[in-house]
Amino acid sequence: VVLGQQFDKNIASDVRTLEIDVQDLEGLPDDFKRAHAPGGNGKVVVTTNNTDYQPFMAYATSPSAREALWKVYRQRGHPKNGAVLERMLAARRELATALGFPTWADYITGDKMIGSRQNVAAFIERIVAASEKRMTSDYATLLARRQRDRTDATRVDAWDGGFYQEKVKAEQYLFDSQSVRPYFEYSRVKQGVLDITS
């Protein structure tokens, strides 16, 4: 548990930054642009905090800037977590075998409703089979929308997914995620969550 917490903490506390050109803010809400004024070098700094990352990936029109931030976001916790992960896997193996289980997966599922690692694997396969047709259809929709911007596109990269999901929602379902923002003002949402959990 302690190693798992350390692993998560290393990611959460590793806030990275990316310097981008002002034009890379194109497509983002005005309040985001105001909060990210250029520095003395004329560059804008965005961070891997979710308050920067999520809107940037959904609305920034620059694919190269989205790709750069996506990659920086995934480097959080590196290189610290390499050693933590090795220790965590070793500790899990030691605990499982000391208690008579062949693997950690057998130990962790043994007292759960799922019953075994084999049942977990079978369940995942059933979910994949059940969702494959819809997933393929949704992906084709995103790819078709991307091809309207780039006729030579043959795939939807990970950093393009959120951006094109927003485009499809707006164009096919007339839903703009930003239209609900006034109903979720941060301080009210934060207080609501605290009230519920208290």
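Let me begin with a definition: the helices I will name are DSSP runs of at least four residues, numbered from the N terminus. Please keep in mind throughout that what we have in front of us is a predicted model.

I will start with the aromatic rings. A pair of aromatic rings is described by the distance of the centres and the angle of the planes. The count here comes to 5 aromatic pairs. One of them joins Trp-104 and Tyr-107, whose ring centres are 5.1 Å apart and whose planes make an angle of 50°, which puts the pair in the tilted class. Where do Trp-104 and Tyr-107 sit with respect to each other in helix H6? They are 3 residues apart in that helix, which spans residues 104–110, so about one helical turn separates them. Trp-104 is partly exposed, because its relative accessibility is 25%, and Tyr-107 is likewise partly exposed, because its value is 26%. Phe-101 belongs to this picture as well, since ring pairs link Phe-101, Trp-104 and Tyr-107 into a cluster.

A second pair is formed by Phe-163 and Tyr-164, with ring centres 5.0 Å apart; the planes stand at 85°, and because an angle over 60 degrees counts as edge-to-face, that is the class of this pair. Both Phe-163 and Tyr-164 are buried. Phe-163 also has a charged neighbour, in that Arg-66 lies over the face of its ring at 4.1 Å from the ring centre. A similar arrangement is found at Tyr-73, where Arg-76 lies over the ring face at 3.7 Å from the centre.

Phe-163 brings me to the helix packing, because Phe-163 is one of the H8 residues that meet H3. Helix H3, residues 50–59, and helix H8, residues 158–173, have axes that come within 6 Å and cross at roughly 70°. Angles from 65 to 115 degrees count as roughly perpendicular, and H3 and H8 are therefore described in that way. On the H3 side the contact involves Met-57, Ala-58 and Tyr-59, while on the H8 side it involves Trp-159, Gly-162, Phe-163 and Glu-166. Sorted by class, that contact has 5 nonpolar residues, 1 polar residue and 1 charged residue.

Finally, a word about a loop residue, His-36, which is found between helix H2, residues 30–35, and strand E2, residues 44–47. Is His-36 buried or exposed? His-36 is buried, because its relative accessible area is 9%, and the cut-off for that class is under 20%. Leaving aside residues up to four places away in sequence, His-36 touches Leu-25, Val-44, Val-45, Val-46 and Asp-52.

Key. Residues are numbered from 1 along each chain as its sequence is written. This is a predicted model: local features need pLDDT of at least 70, side-chain atom pairs count only at pLDDT 80 or more; totals for chains, interfaces and linings use all residues. Side-chain values use heavy atoms; hydrogens and water are left out. Rings of Phe, Tyr and Trp (its six-membered ring) pair if their centres lie within 6.5 Å; planes under 30 degrees apart count as stacked, over 60 as edge-to-face and the rest as tilted. Helices (H or I, at least four residues) and strands (E, at least two) are DSSP runs, numbered from the N terminus. Buried means under 20% relative accessible area, exposed over 50%, partly exposed in between (1.4 Å probe, protein chains only). A charge sits over a ring if NZ of Lys or CZ of Arg is within 6 Å of the ring centre and within 35 degrees of the ring normal. Axes are lines fitted to C-alpha atoms, for helices over the stretch in contact, and angles run from 0 to 180 degrees between N-to-C directions. Angles under 35 degrees count as roughly parallel, over 145 as roughly antiparallel, 65 to 115 as roughly perpendicular and the rest as oblique. Contact means heavy atoms within 4.5 Å. Ala, Val, Leu, Ile, Met, Phe, Trp, Tyr, Cys and Pro count as nonpolar, Asp, Glu, Lys and Arg as charged, and the others, Gly among them, as polar.
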